[in-house]
Amino acid sequence: MKNKINSIAVLTSGGDSPGMNAAIRAIVRAANFNNIKCYGIYRGYQGLIEDDFEELGARSVRNLINRGGTFLKSARSKEFREKKYRQIAFNNLQKRLVDALVVIGGDGSFTGADIFSKEFDIPVIGIPGTIDNDINGTDYTLGYDTALNTVVEAIDKIRDTASSHDRLFLVEVMGRDAGDIALNSGIGAGAEEILIPEENIGVEKLVESLHKSRKTGKTSSIVVVAEGDQIGKNITKLAADLTEDLPEYEIKVTVLGHIQRGGSPSCYDRVLASRLGVGAVDALLEGKSNIMVGIQHKKIAHVPFEDAINKKKTLDMDLMRVADIVST
Ligand code: ATP
């Protein structure tokens with residue numbers, strides 16, 4: 001038996017990621033398929049407070065699946081942390097008779113969603129949208145696959161110049177708390193060493209490994225460094241310190257930064273976004289609330305917000321072993 005839902009709203013919140021547009025499109029079309037009215041809310045929770053809504057029909061999301069970013073725009077809202085502003089946000093939903101909300105974002109956005117849903121007894125479903133892949137309960141987050149491909153493509157280009165000049169490049173990638181991007185892009189791009197937040201290999205081992213690489217005939221090297229790696233030095237400082245220990249290399253630094261957030265979503269992210277968007281509307285029709293719709297072993301999974309927010313996702317550390325072996 002389907003739960004009666006007449007009208008829903010969708011917003012994107014926190015850091016943007018490729019695939020958010022494809023997810024909005026899927027939600028709008030799944031709503032349309034089920035005769036549900038759908039509103040888009042601009043600028044995340046801030047737009048919800050400021051009443052920045054637009055009704056979206058199936059045709060208003062055309063030519064969107066291939067576009068990076070989020071046409072609804074994303075924002076961080078300090079005001080939403082205060083109950084008096086959440087009350088205004090709820091009033092804006094109520095005056096349009098909106099029965100449920102879909103939030104595409106990261107764990108901070110889910111924390112806000114969980115509080116809001118419990119406070120006003122309104123169903124809220126989350127879709128994990130962040131390039132970091134750091135949300136517990138889903139094998140992949142929206143935008144992660146695209147970001148990996150962006151990073152690998154960039155490192156391939158860096159390798160061309162690194163090998164032409166016998167240089168050592170330190171390449172910083174996103175990941176303050178999670179090493180998924182660094183580890184997987186590092187393996188995919190053939191990096192000599194990978195520094196991640198989950199493990200401290202230490203400067204000594206790094207130096208030893210790079211000396212060894214040189215001795216075994218490698219003339220250039222790539223070290224992928226996650227923003228939050230445990231050696232814990234600013235990448236420029238790390239490069240300066242390594243210069244003393246590795247006089248045989250000319251060391252250069254590249255910080256990839258926000259290019260990792262942009263770009264047309266990969267096919268994987270488009271399909272994932274489509275599945276999660278339809279999955280979110282299905283979940284609302286099944287009467288679900290306070291859950292994230294994620295993907296586990298290729299199947300749609302419903303994960304309580306509490307588990308998605310509070311439990312730490314574990315990184316497959318066997319990948320470090322694989323990285324060590326294939327980089328010898
Ligand atoms: P990213 O992973 O890209 O950082 P995120 O969703 O974790 O994305 P945050 O900036 O942590 O991004 O959170 C987004 C928004 O969620 C905040 O700006 C705020 O409006 C809302 N939010 C976060 N925590 C709370 C909270 N405790 N109470 C109410 N709202 C919150």
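How many cavities of 30 Å³ or more does the structure hold? The answer is one. The model looked at here is a predicted one, and its empty spaces make a handy way in.

That largest cavity takes in about 40 Å³ of space. Its lining is made up of Ala 191, Glu 192, Glu 193, Ile 194, Met 320, Ala 323, Asp 324 and Ser 327. Two elements, β7 (193–195) and α11 (318–326), each give two or more residues to this lining. Helix α11 supplies the largest share, three residues. Sorted by class, the cavity lining comes out as four nonpolar residues, three charged and one polar.

Helix α11 turns up again in the surroundings of α6, which spans residues 180–188. Buried in α6 are Asp 180, Ile 181, Ala 182, Leu 183, Ser 185 and Gly 186. What do these buried residues pack against? Their partners are α5 (144–165), β6 (167–173), β7, β8 (221–226) and α11. So both of the elements named for the cavity lining, β7 and α11, are also on the list of elements that the buried part of α6 packs against. After α6 comes Gly 190, with a positive phi near 70°.

Next, the pockets. About 1000 Å³ of space lies in the largest one. It is lined by 45 residues, and those closest to its centre are Gly 15, Arg 76, Gly 106, Asp 107 and Gly 108. The elements giving two or more residues to this lining are α4 (107–120) and α10 (305–310). Of the contributors, α4 gives the most, namely six residues. The pocket lining counts 17 charged and 17 polar residues, alongside eleven nonpolar ones.

That leaves the sheet. Seven strands build an open sheet with mixed pairing, and their order reads β3-β2-β1-β4-β5-β10-β11. The edges are held by β3 (53–55) and β11 (299–304), each of which pairs on one side only. On average, and with direction ignored, neighbouring strands of this sheet are turned by 30° against each other.

One pair in the sheet can be followed down to single residues. Strand β4 (residues 100–105) and strand β5 (residues 124–128) run parallel and are joined by five bridges. Which residue of β5 is the bridge partner of Leu 101? It is Val 124.

Technical notes: Residues are numbered from 1 along each chain as its sequence is written. This is a predicted model: local features need pLDDT of at least 70, side-chain atom pairs count only at pLDDT 80 or more; totals for chains, interfaces and linings use all residues. Side-chain values use heavy atoms; hydrogens and water are left out. Two strands pair if DSSP finds at least two bridges between them. Helices (H or I, at least four residues) and strands (E, at least two) are DSSP runs, numbered from the N terminus. Axes are lines fitted to C-alpha atoms, for helices over the stretch in contact, and angles run from 0 to 180 degrees between N-to-C directions. On a 1 Å grid over the protein atoms alone, a cavity is a set of points where a 1.4 Å probe fits but cannot get out, and a pocket is an open set with protein on both sides within 12 Å along at least five of seven lines; lining residues have an atom within 4 Å of a point. Grid points are joined across faces, edges and corners, and a volume is the space filled by probe spheres set on the points. Ala, Val, Leu, Ile, Met, Phe, Trp, Tyr, Cys and Pro count as nonpolar, Asp, Glu, Lys and Arg as charged, and the others, Gly among them, as polar. Buried means under 20% relative accessible area, exposed over 50%, partly exposed in between (1.4 Å probe, protein chains only). Contact means heavy atoms within 4.5 Å.
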